[in-house]
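Reader: I've got a model open on my screen and would like to talk it through. Can you take me around it?

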Amino acid sequence: MNNQTIPTSVGALLTEEVTIDPLSHLPSFLELTFVDVARNSGRKVLSSAWSALTTWLDSVLVGLQRRERLLEAQLVQLRSARFLQRRTVERRARLIVGVYILHVKRLRARILRGVCQLCNQSMQTFGPEMMALIMFCIDYTCMHTMGGSTACELVYGLKRSKIAVVPNISGGDQFSVSELSKS
């Protein structure tokens, strides 16, 4: 199925660029192609950043597991009765405080590991949905607060437009293309 209204060759695209009305709010097909390429590039960059973030979370998880094992070994060593023998009361009190401090550190490492596991699993499970929401939020913010167009369209200076009905003097309605407002 070949649509005759869409230019497909380089010459047709250049001809359209030369003949298009510079005051028109409508983008040319070449500009729309650039916007599509920019949108695809944005998705690839987001996907790469997402992969890097999950890899970083995996390494953080390994480090937290290692730290938790180290703290557990230190607790076992401090709890041993042989280690507490032949100690003064002051040293025993310090050891008991040290044991409680190690318990708090181990609890903190356990909580951080749980949070990292939850984030990592949800990022791997719902990754495409979260990336789509991020892209939507970027486009929504650009559409409503910046230039009245999506982020990719904003790169090329494009604006969203709409067809407005303009009353004609002779009694009929005439249609014109006008720029969308930010509201």
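Author: Here is a short round of questions and answers about the fold, the core, the salt bridges and the cysteines. The model is predicted, so local features need pLDDT of at least 70 and side-chain atom pairs count only at pLDDT 80 or more, while totals for chains, interfaces and linings use all residues. Residues are numbered from 1 along each chain as its sequence is written, and side-chain values use heavy atoms, with hydrogens and water left out.

Reader: What pattern does the protein chain follow along the sequence?
Author: Helices (DSSP runs of H or I, at least four residues) and strands (E, at least two) are numbered from the N terminus. The chain has 6 helices and 2 strands. Read from start to end, the pattern is α-α-α-α-α-α-β-β.

Reader: What share of the residues count as buried?
Author: Buried means under 20% relative accessible area, exposed means over 50%, and partly exposed is in between, with a 1.4 Å probe and protein chains only. The chain has 183 residues, and the buried share is 21%.

Reader: And how much accessible surface does the protein chain have?
Author: Areas come from the Shrake-Rupley method with a 1.4 Å probe, and for residues only the protein chains shown count as cover. Carbon and sulfur atoms hold 63% of the surface, and the total is about 13400 Å².

Reader: Which helix gives the most to the largest nonpolar core?
Author: A nonpolar core is a set of buried Ala, Val, Leu, Ile, Met, Phe, Trp, Tyr and Cys residues joined through side-chain atoms within 4.5 Å. The largest one has 9 residues, including L46, W50, L57, C116 and M131. Helices α2, α4 and α5 (127-145) each supply at least two of them. With 5 residues, the top contributor is α2.

Reader: Which residues does W50 touch, leaving aside neighbours within four places in sequence?
Author: Contact means heavy atoms within 4.5 Å. W50 is itself part of the largest core. Its partners, with those neighbours left aside, are M123, G127, M130, M131 and I134.

Reader: Is N120 buried or exposed?
Author: N120 sits in helix α4. Leaving aside neighbours within four places in sequence, N120 contacts T54, L57, D58 and L61. Its relative accessibility is 6%, so N120 counts as buried.

Reader: Which residues are joined into one network by salt bridges that share partners?
Author: A salt bridge is a side-chain nitrogen of Lys or Arg within 4 Å of a carboxyl oxygen of Asp or Glu, and the structure holds 3 of them. E68 pairs with R110, the closest N and O atoms being 2.9 Å apart, and also with R113, at 2.7 Å. E68 lies in helix α2 and R113 in helix α4, so that pair ties together parts 45 residues apart in sequence. Through shared partners, the network takes in E68, R110 and R113.

Reader: Is E68 buried or exposed?
Author: R110, one of its partners, is partly exposed, with a relative accessible area of 42%. For E68 the relative accessible area is 10%, so E68 is buried.

Reader: How far apart are the closest N and O atoms of E72 and R106?
Author: E72 is in helix α2 and R106 in helix α4, 34 residues apart. At 28% relative accessibility E72 counts as partly exposed, whereas R106, at 15%, counts as buried. The closest N and O atoms of this salt bridge are separated by 2.5 Å.

Reader: Which residues make the nonpolar surface patch of about 280 Å²?
Author: Patches are made of residues with over 30% relative accessible area and no salt bridge; like charges are joined within 9 Å, and nonpolar side chains (Val, Leu, Ile, Met, Phe, Trp, Tyr) within 5 Å. One of its members, I111, is found in helix α4 (residues 89-125). The patch is made by L107, I111 and V115.

Reader: How far from C116 is the nearest cysteine sulfur?
Author: A disulfide is a pair of cysteine sulfur atoms within 2.5 Å, and the count by this rule is 0. C116 is buried, with a relative accessible area of 12%. C116 is in no disulfide, and the nearest cysteine sulfur, that of C119, lies at 6.5 Å.
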